[in-house]
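Visitor: Please take me closely through the aromatic rings of this protein and the packing that surrounds them. I would like one connected account, with the cut-offs behind each term.

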Amino acid sequence: MKKSRPLKIIAGLFATLLLVLVAIVIFVLTFDWNRARPWINQRVSETIGREFAINGDLRVRWEQGDAAEAGWRRYVPRPRISANDVYIANPEWTKAGPKLASAGNITVALHPLPLLHKEVAITDLAVEKIVLAGQRRTDGSNTWTFKDNGPSEWEVDIQRLTLGEGDLRYIDDGIKLDLRAKATGINEGPDAQKYGIKFDLGGSYRNAPVTGGGKVGKVLALTDEHTNFPVQANAHLANNKIAVEGILTDPRAPAGLDLKLSLGGASMADLYPLTGVLLPETPPYATSGRIIGKKSGAIWNWTYKNFTGTVGGSDLEGTLAYSPRKPRPLLTGAVTSRQLRLEDLGPTIGAESNADKAKRNKPQNQPGDKALPVEQFNTAKWDALDADVKFTGKKLIRTHDIPLNDIQANIKMNNKVLTLTPLNFGMAGGDITSNIKLDGRQKQIDAQVRMAARHLKINQLFPKLESMQASVGEVSADAALAGKGNSVSAMLATSSGELGATVSEGSVSKFILEAAGLNIANLVFVKLFGDKQIQLNCLAGDFVVEHGKATARQFVVDTQEAVINVNGYVDLSKETLDLDVRPQTKGVRIVSLRTPLYAKGTFTEPKVGPQAGPLALKAGAAVALATVVNPLAAVVPLINTGKVDPVDCKALLAEANKTRFEARTQAVKKP
């Protein structure tokens with residue numbers, strides 16, 4: 001009997017424990033959970049700092065464990081909680097609606113064992129008749145951020161989500177968006193096999209209507225690597241058109257999103273409020289490609305892969321990657337174009353648009369018109385992101401000008417400093433290489449430009465001038481300038497540095513040279529019997545630029561028949577010129593009014609003509625001789641004997657090249 005007592009004690013304890021467990025099971029199975037609703041509502045409301053309520057029926061039923069789970073865990077019962085008429089209130093300031101979220105029914109299936117290590121494992125979450133209403137203000141505050149109770153020790157893991165019918169309203173004051181969506185089930189028709197929910201979009205974006213719609217799957221398994229959740233949607237937001245289509249696979253893995261994305265609109269700049277990616281003002285655009293999302297921790301990196309599209313009359317294709325890093329996001333990639341029009345990128349590089357010209361309310365080429373681009377660079381958003389994009393273009397068309405070809409540019413933006421290093425392209429049968437730096441960290445852009453042109457063909461530089469088509473000479477030039485300003489015009493107006501140009505042996509139009517020299521007899525002969533080419537021995541020009549004023553240190557043109565020297569300056573600030581052109585004939589000219597010329601006026605209205613003093617002296621001498629001596633003597637003052645010192649072209653070109661080679665950008669001084 002003494003030996004049996006411990007066994008009786010153990011058996012009693014086991015029976016008691018079993019009774020307790022049975023009592024708990026009976027309590028759980030029979031307890032009316034609606035009695036716990038006031039306590040649950042109060043505790044949740046206190047925790048989130050917002051009113052929470054379950055107004056409808058609250059039930060808990062137990063189900064058998066998952067047969068697919070290994071080991072004894074498959075036998076552990078799992079609770080399935082069902083609640084009707086559930087809502088969370090919105091803060092009072094919002095105009096989206098009184099409730100942040102409300103649902104006709106929410107069903108939650110839990111795995112009880114992870115609760116032991118503070119993890120809420122929701123194996124299934126189904127929501128029916130849901131209504132969402134959220135708002136974000138311009139200062140970043142929003143309706144879905146709850147009371148801060150410090151870091152939570154609990155983790156929530158949702159494994160499977162089932163969607164139902166519902167309504168959504170989202171207001172974003174920062175981008176002036178008021179979006180509404182209504183979702184309904186797809187129960188029949190060809191789409192029922194692939195999709196489960198369809199939705200319609202409405203609302204406004206920047207006071208313009210929003211329309212659109214789409215279809216999505218009904219069930220999303222968030223932990224299944226082979227999930228196929230179909231997505232198809234399109235929307236018109238003001239001037240922007242957006243369409244996505246594809247399959248969402250394994251949303252938690254690095255390749256969680258891979259969809260076909262199409263974009264279109266009036267200007268790429270309109271995408272900034274939606275995407276946060278700074279893009280330039282452009283003509284209407286349309287593009288299509290693959291959008292790939294890769295998740296790294298809590299950050300999503302995006303790639304727009306193998307896209308093709310058009311911007312105005314230009315074509316673009318390539319791949320761009322966007323990473324939301326700190327302190328600024330980074331845009332990288334490569335873009336190519338077969339044909340790019342300069343006017344499509346005009347505002348980006350500071351070219352004046354037709355609309356801006358029209359705003360000035362006066363005809364072109366009127367006093368006050370600017371010949372240099374006055375369009376302002378918008379540096380306010382240059383710190384929105386950094387960039388490292390390589391651009392390759394086959395052909396760049398400039399309206400009423402010379403096309404560019406084989407363009408290569410490495411475009412970098414780093415902390416509001418924009419560099420194009422290099423920016424190279426072909427032009428007029430030659431090549432231009434350049435390095436450009438625009439520092440936008442100050443109120444006025446600090447600009448530095450280094451440029452070199454080699455082997456530009458004269459006849460291709462003047463494609464519309466018939467008399468130049470037989471010319472065979474080549475032009476080379478260099479520039480090193482620094483200036484300040486927010487437009488090309490302002491930068492040149494404040495610039496300092498050096499400019500140089502040379503033309504090697506070739507030929508130029510005799511008509512142009514004779515017209516410049518006012519050789520009347522030859523001019524008449526050429527007009528009657530046609531033009532011919534004159535051998536060009538050399539041309540060398542060298543300018544020093546200080547505060548926008550380019551002064552000629554040397555400008556000489558040597559041909560087989562004449563030497564032309566040019567002195568004076570070009571004022572880039574006032575867009576005026578004041579040049580003294582002095583031609584000297586190498587041979588004898590009869591009936592010649594050769595005299596110094598002037599080139600003055602503005603860039604839009606230049607004036608070229610003979611200097612009045614020397615021409616008047618020649619004409620006066622001819623009249624006097626004809627009156628006093630003999631009418632034939634009047635020809636004497638009009639005879640040019642051609643006494644001119646020869647030009648050492650080899651030395652001249654060498655000196656000019658040396659000057660250009662040693663040119664250095666000067667610091668911009670305050671005038």
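Guide: What follows begins with the model as a whole, goes on to the rings and the core, and ends with some backbone details.

The model is predicted, so local features are reported only at pLDDT of at least 70 and side-chain atom pairs only at pLDDT 80 or more, whereas totals for chains, interfaces and linings use all residues. Residues are numbered from 1 along each chain as its sequence is written, and side-chain values rest on heavy atoms, with hydrogens and water left out.

The protein chain contains 11 helices and 34 strands, where helices (H or I, at least four residues) and strands (E, at least two) are DSSP runs numbered from the N terminus. Of its 671 residues, 40% count as buried; buried stands for under 20% relative accessible area, exposed for over 50%, and partly exposed for values in between, with a 1.4 Å probe and protein chains only. If contacts (heavy atoms within 4.5 Å) are taken between residues at least 6 apart in sequence, 52% of them join residues at least 24 apart.

Now to the rings. A search of the whole structure gives three aromatic pairs, a pair being rings of Phe, Tyr and Trp (its six-membered ring) with centres within 6.5 Å, called stacked if the planes are under 30 degrees apart, edge-to-face if over 60, and tilted for the rest. One of the three is formed by W144 and Y170, a tilted pair with 6.2 Å from centre to centre and 40° between the planes. Because W144 belongs to the loop between β5 (119–136) and β6 (155–158) while Y170 belongs to strand β8 (residues 166–172), this pair ties together parts that are 26 residues apart in sequence. W144 has a relative accessible area of 40% and is therefore partly exposed, and Y170, at 24% relative accessibility, also counts as partly exposed. Another of the pairs, Y304 with F307, is stacked, with 5.2 Å between the centres and 10° between the planes, and both of these residues are buried.

Rings also take part in contacts with charges, where a charge sits over a ring if NZ of Lys or CZ of Arg is within 6 Å of the ring centre and within 35 degrees of the ring normal. The charged end of R137 lies over the ring of W93 at 3.8 Å from its centre, and the charged end of K99 lies over the ring of Y87 at 4.6 Å from its centre.

Aromatic residues appear again in the packing of the interior. The largest nonpolar core, that is, a set of buried Ala, Val, Leu, Ile, Met, Phe, Trp, Tyr and Cys residues joined through side-chain atoms within 4.5 Å, has 64 residues, and those with the most contacts inside it include W382, F391 and F425. Strand β23 (residues 417–427) gives the most to this core, with five residues. Leaving aside residues up to four places away in sequence, F391 touches L316, V335, S337, L340, I407, Q408, A409 and I411. Strand β23 also holds P422, which is joined to T421 by a cis peptide bond with omega of about 5°.

Another cis peptide bond joins K326 and P327, with omega of about 0°, and P327 lies in the loop between β18 (314–323) and β19 (330–337).

Two further aromatic contacts come from other residues. N486, in the loop between β26 (474–484) and α7 (488–493), is buried because its relative accessible area is 13%, and F377 is among the residues that N486 touches. L577, in strand β32 (residues 576–585), is buried with a relative accessible area of 17%, and the residues that L577 touches include Y569 and F603.

Two backbone details belong to the neighbourhood of β5. K118, in the loop between β4 (99–111) and β5, has a positive phi near 60° although K118 is not a glycine, and K129, placed in strand β5, has a positive phi near 50°. At 35% relative accessibility K118 counts as partly exposed, whereas K129 is exposed, with a relative accessible area of 63%.
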